[in-house]
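User: Please take a close look at the side chains of this model, with their contacts and their exposure. One connected account is enough.

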Amino acid sequence: MVTHMAVKTITIDLEAYECLSRARLEAKESFSKAIKRASWEESGLTGRAWAAGFRSFPAASCEALDALEENQKRDHPPEDPWQS
């Protein structure tokens, strides 16, 4: 039974390529295996922590919320989303 692995082509700059190439354990190790071995720094910011951060801000006044709502009604996306 032959299993086919999905692949994705990416573009990286030469400096990143050299770093990745040096990270391989041996010349025949695939870049995929080298990437999977890498330890990626965790952001540490969870949804719970993010929400807790907002609890430290004072509640918005009714006037501020009304002003935001009015501005949102007047805000329209550009005709060409690629040009702002």
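Analyst: A residue is called exposed when its relative accessible area is over 50%, buried when it is under 20%, and partly exposed in between. The model is a predicted one, and the values below are computed from it.

Pro 81 shows how the cut-off is used. This residue belongs to the segment after α4. Its relative accessible area is 64%, so Pro 81 is exposed. From Pro 81 to Lys 28 there are 53 residues along the chain, and the C-alpha atoms of the two are 45 Å apart.

Lys 28 is also exposed, because its relative accessible area is 73%. It takes part in a salt bridge with Glu 26, where the closest N and O atoms are 3.8 Å apart. A salt bridge needs a side-chain nitrogen of Lys or Arg within 4 Å of a carboxyl oxygen of Asp or Glu, so a separation of 3.8 Å qualifies. Glu 26 has a relative accessible area of 41% and therefore counts as partly exposed. The structure holds 4 salt bridges, the one between Lys 28 and Glu 26 being among them.

Glu 29 is a different case in terms of cover. It sits in the loop between α1 (14–23) and α2 (31–37). With 9% relative accessibility, Glu 29 is buried. Which residues does Glu 29 touch, leaving aside its neighbours within four places in sequence? They are Ala 23, Arg 24, Ala 34 and Arg 37. With Arg 37 the contact includes a salt bridge between the side chains, at 3.0 Å from N to O. Arg 37 is partly exposed, at 41% relative accessibility, whereas its partner Glu 29 is buried at 9%.

Arg 24, another contact of Glu 29, also meets an aromatic ring. The charged end of Arg 24 sits over the ring of Phe 31, 4.5 Å from the ring centre. Ser 32 is in helix α2 and is partly exposed, at 45% relative accessibility. The C-alpha atoms of Ser 32 and Leu 20 are separated by 9.8 Å, with their places 12 residues apart along the chain.

The aromatic side chains come next. How many aromatic pairs are there by the ring-centre rule? The count is 3 aromatic pairs. One of them joins Trp 50 and Phe 54 in an edge-to-face arrangement, with 4.8 Å from centre to centre and 75° between the planes. An angle over 60 degrees is what makes a pair edge-to-face, so the 75° of this pair meets the condition. Trp 50 lies in helix α3 (residues 47–55). Trp 50 and Phe 54 are 4 residues apart in that helix, which means that about one helical turn separates them.

Trp 50 counts as exposed, given its 51% relative accessibility. Phe 54, at 45%, is partly exposed. Phe 54 also pairs with Phe 57, and this pair is tilted: 5.9 Å centre to centre and 50° between the planes. Stacked pairs have planes under 30 degrees apart and edge-to-face pairs over 60, so 50° leaves the tilted class. Phe 57 is exposed, with 55% relative accessibility. Through such ring pairs, Trp 50, Phe 54 and Phe 57 are linked into a cluster.

These aromatic residues are also part of a surface feature. Together with Leu 45, the residues Trp 50, Phe 54 and Phe 57 make up a nonpolar patch on the surface, and the accessible area of the four is about 490 Å².

Helix α4 carries charged side chains that pair with one another. Lys 73 and Glu 69 both belong to this helix (residues 62–74), where they are 4 residues apart, about one turn of the helix. Their side chains meet in a salt bridge of 4.0 Å, N to O. Lys 73 is exposed at 52% relative accessible area, whereas Glu 69 is partly exposed at 45%. Glu 70 joins Glu 69 and Lys 73 in a network of salt bridges.

Conventions: Residues numbered from 1 in each chain as written. Predicted model: local features only at pLDDT ≥ 70, side-chain atom pairs only at ≥ 80, totals over all residues. Heavy atoms only, no water. Helix = DSSP H or I, 4+ residues; strand = E, 2+ residues; numbered from the N terminus. Buried < 20%, exposed > 50% of the residue type's maximum accessible area, 1.4 Å probe, protein only. Contact = heavy atoms within 4.5 Å. Patch = residues over 30% accessible without salt bridge, like charges linked within 9 Å, V, L, I, M, F, W, Y side chains within 5 Å. Areas by Shrake-Rupley, 256 points an atom, 1.4 Å probe, with all protein chains shown as cover. Phe/Tyr/Trp six-rings, centres within 6.5 Å; stacked < 30°, edge-to-face > 60°. Lys NZ or Arg CZ within 6 Å of the ring centre and 35° of its normal.
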